[in-house]
Amino acid sequence: MLGFLTARRAGLDDPLRLRRAESTRRVLGLQLNPDRDVDRIHGNGINTIDIEAVEGRYMLSGGADGVIVIYDLENFSGKLQYTCKAVCTIGRSSRYVHKFSVETVQWYPYDTGMFVSSSFDKTMKVWDTETLKPAEVFQFEGNVYCHHLSPIARKHSLIAVGTTNPKIQLCDLKSGSRIHILQGHRAEVLSVRWSPRYEHILATASADSKVKVWDVRRASGSLFTLDQHNGDKSKASSEAVNTAHNGRVNGLCFTGDGLYLLTTGTDDRMRLWNSATGENTLVNYGKVCNESRKRLQFTVSRGCSPEFVFVPCGSSVAVYTLHTGELVTMLRGHYNNVDCCEFHPDYQGAAGQSSVNPAFQDAWSSDED
């Protein structure tokens with residue numbers, strides 16, 4: 001590390017190399033933080049979390065009880081031991097609270113004045129953070145498994161939504177209406193993710209074992225369907241039978257640069273794909289335990305070399321090297337099954353949440369009963 005500091009001071013090295021080396025060192029040294037905790041607000045399992053990208057200060061959580069909580073992650077106490085406080089809660093006493101389990105929460109990418117939640121009560125709500133009231137409510141015919149806003153979009157304000165209906169819904173924040181549907185899946189859509197590289201590229205995963213990549217400007221259908229056999233005609237005679245996994249596909253995650261797409265399925269496999277060509281890179285991660293019947297929220301590190309993948313695995317979080325598939329470590333500390341995790345690039349630490357009790361490490365994870 002002293003060599004990096006000396007080279008940077010002398011102008012011989014890129015300052016980003018020092019940051020990357022330190023971020024990598026911290027990820028490799030992750031362990032449960034005994035001095036950091038989170039207010040216990042949820043009465044049931046925590047299904048979903050999101051950390052806003054503007055300041056990296058506020059975290060959203062959504063629970064099986066329908067409750068949504070906003071936490072302040074900053075420590076202003078000056079003490080080593082502290083608890084991250086809940087700054088506001090949309091609880092059971094609120095007339096606007098979701099009636100059933102909250103499956104996805106997400107901050108608006110450009111400021112903390114708005115966030116979006118979706119639920120098994122067949123609604124997606126766009127919230128005003130100041131008033132804690134929904135500015136817009138979208139109604140659907142079936143349970144909502146997931147939604148996602150593009151982190152980079154400038155030319156559109158679309159939210160992709162996956163429900164029990166095989167058709168992906170595209171909702172427009174500006175008009176407050178559903179403007180388009182994407183047809184191609186044959187079972188419920190469990191996960192949707194916009195590319196962090198191209199604002200019109202969307203990936204969707206379904207219980208029909210398929211992952212499709214779309215350009216939402218095209219009306220003719222998906223760009224391609226991922227094929228775990230890489231187009232081997234002896235196993236896949238046409239795109240119609242291409243499958244990404246041998247079970248339900250319930251997890252999607254792009255790498256930070258958008259060049260690769262990770263998928264997880266109930267066949268206990270995780271696969272890494274070239275997001276431009278759809279090629280299976282054939283990285284072997286071994287058995288990746290996946291018992292979730294709903295969306296599995298996992299994440300990839302940012303600012304590290306090599307890159308790491310954090311995946312809920314039973315009551316732990318498994319950490320893999322992205323491009324080699326090596327299992328680096330298991331982050332332990334939860335008492336129930338971990339359902340989601342999130343990475344904080346500024347702290348390189350993981351926070352795990354045990355059913356009703358969030359516990360910290362440095363990336364951020366949560367679990368349900």
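# Strands, loops and buried residues

Trainee: Which residue in E22 is the bridge partner of threonine 299?

Mentor: Keep in mind that this is a predicted model. Strand E21 and strand E22 (residues 308-313) run antiparallel and are joined by two bridges. Within E22, the residue that bridges to threonine 299 is phenylalanine 310.

Trainee: Which strands stand at the edges of that sheet, each with a single partner strand?

Mentor: Start with the order of this open sheet of four strands, which is E21-E22-E23-E24 with antiparallel pairing. A strand with a single partner has one side left without a neighbour in the sheet, so we look for the strands in that position. They are E21 and E24 (327-332).

Trainee: What is omega at the cis peptide bond between serine 305 and proline 306?

Mentor: First find the place: proline 306 lies in the loop between E21 and E22. The peptide bond that joins serine 305 to proline 306 is cis, with an omega of about 5°.

Trainee: On to the other open sheet, with the order E6-E7-E8-E9. By how many degrees are neighbouring strands of this sheet turned against each other on average?

Mentor: This sheet has four strands with antiparallel pairing. Strand E6 (102-107) and strand E9 (133-139) are its edges, and each pairs on one side only. Ignoring direction, the average turn between neighbouring strands here is 20°.

Trainee: Which residue in E9 stands opposite valine 126?

Mentor: Strand E8 covers residues 123-128 and pairs with E9 in the antiparallel sense over six bridges. In one bridge, aspartate 128 has lysine 133 of E9 as its partner. Valine 126 stands opposite glutamate 136.

Trainee: Which residue of the hairpin of E8 and E9 takes a positive phi?

Mentor: Look in the loop, since the hairpin has four residues between its strands. The residue you want is not glycine, and its phi is near 55°. In the loop between E8 and E9, that residue is leucine 132.

Trainee: Is aspartate 268 buried or exposed?

Mentor: Aspartate 268 lies in the loop between strand E19 (260-265) and E20. Its phi is near 60°, a positive value in a residue other than glycine. The cut-off for burial is a relative accessible area under 20%. At 17% relative accessibility, aspartate 268 therefore counts as buried.

Trainee: Which residues beyond four places in sequence does glycine 278 contact?

Mentor: Glycine 278 sits in the loop between strand E20 (269-274) and strand E21 (299-300). It is buried, with a relative accessible area of 11%. Once neighbours within four places in sequence are set aside, the residues in contact with glycine 278 are Phe224, Leu226, Asn230 and Trp273.

Trainee: How far apart are the C-alpha atoms of glycine 278 and lysine 212?

Mentor: Along the chain, these two residues are 66 residues apart. In space, their C-alpha atoms are separated by 9.3 Å.

Trainee: How many disulfides does a search of the whole structure find?

Mentor: Let us try one cysteine as an example. Cysteine 341 is buried, with a relative accessible area of 1%. Its nearest cysteine sulfur, that of cysteine 340, is 7.1 Å away, while a disulfide needs the sulfur atoms within 2.5 Å. Across the whole structure, the number of disulfides found is zero.

Trainee: How many contacts beyond four places in sequence does the model have for residues 350-357?

Mentor: The protein chain averages a pLDDT of 88, and 87% of the residues score at least 70. Over residues 233-237 the pLDDT is below 50, and that stretch has four contacts beyond near neighbours in sequence. Residues 350-357 also stay under 50, and their contacts number 48.

Trainee: How far apart are the end C-alpha atoms of residues 182-217?

Mentor: In the UniProt record, an unreviewed entry, "repeat: WD" is placed at residues 95-137, 182-217 and 242-283. Over residues 182-217 the chain is 0% helix and 50% strand. The end C-alpha atoms of this stretch are separated by 11 Å.

Trainee: To finish, what percentage of the residues of the protein chain count as buried?

Mentor: The protein chain has two helices and 27 strands. Of its contacts with a separation of 6 or more, 48% are between residues 24 or more positions apart. Among its 369 residues, the share that counts as buried is 56%.

Terms used
Residues are numbered from 1 along each chain as its sequence is written. This is a predicted model: local features need pLDDT of at least 70, side-chain atom pairs count only at pLDDT 80 or more; totals for chains, interfaces and linings use all residues. Side-chain values use heavy atoms; hydrogens and water are left out. Buried means under 20% relative accessible area, exposed over 50%, partly exposed in between (1.4 Å probe, protein chains only). pLDDT is the predictor's confidence in each residue, from 0 to 100. Contact means heavy atoms within 4.5 Å. Two strands pair if DSSP finds at least two bridges between them. Axes are lines fitted to C-alpha atoms, for helices over the stretch in contact, and angles run from 0 to 180 degrees between N-to-C directions. UniProt positions are given in the numbering used here, feature names are shortened, and annotations may be inferred rather than shown by experiment.
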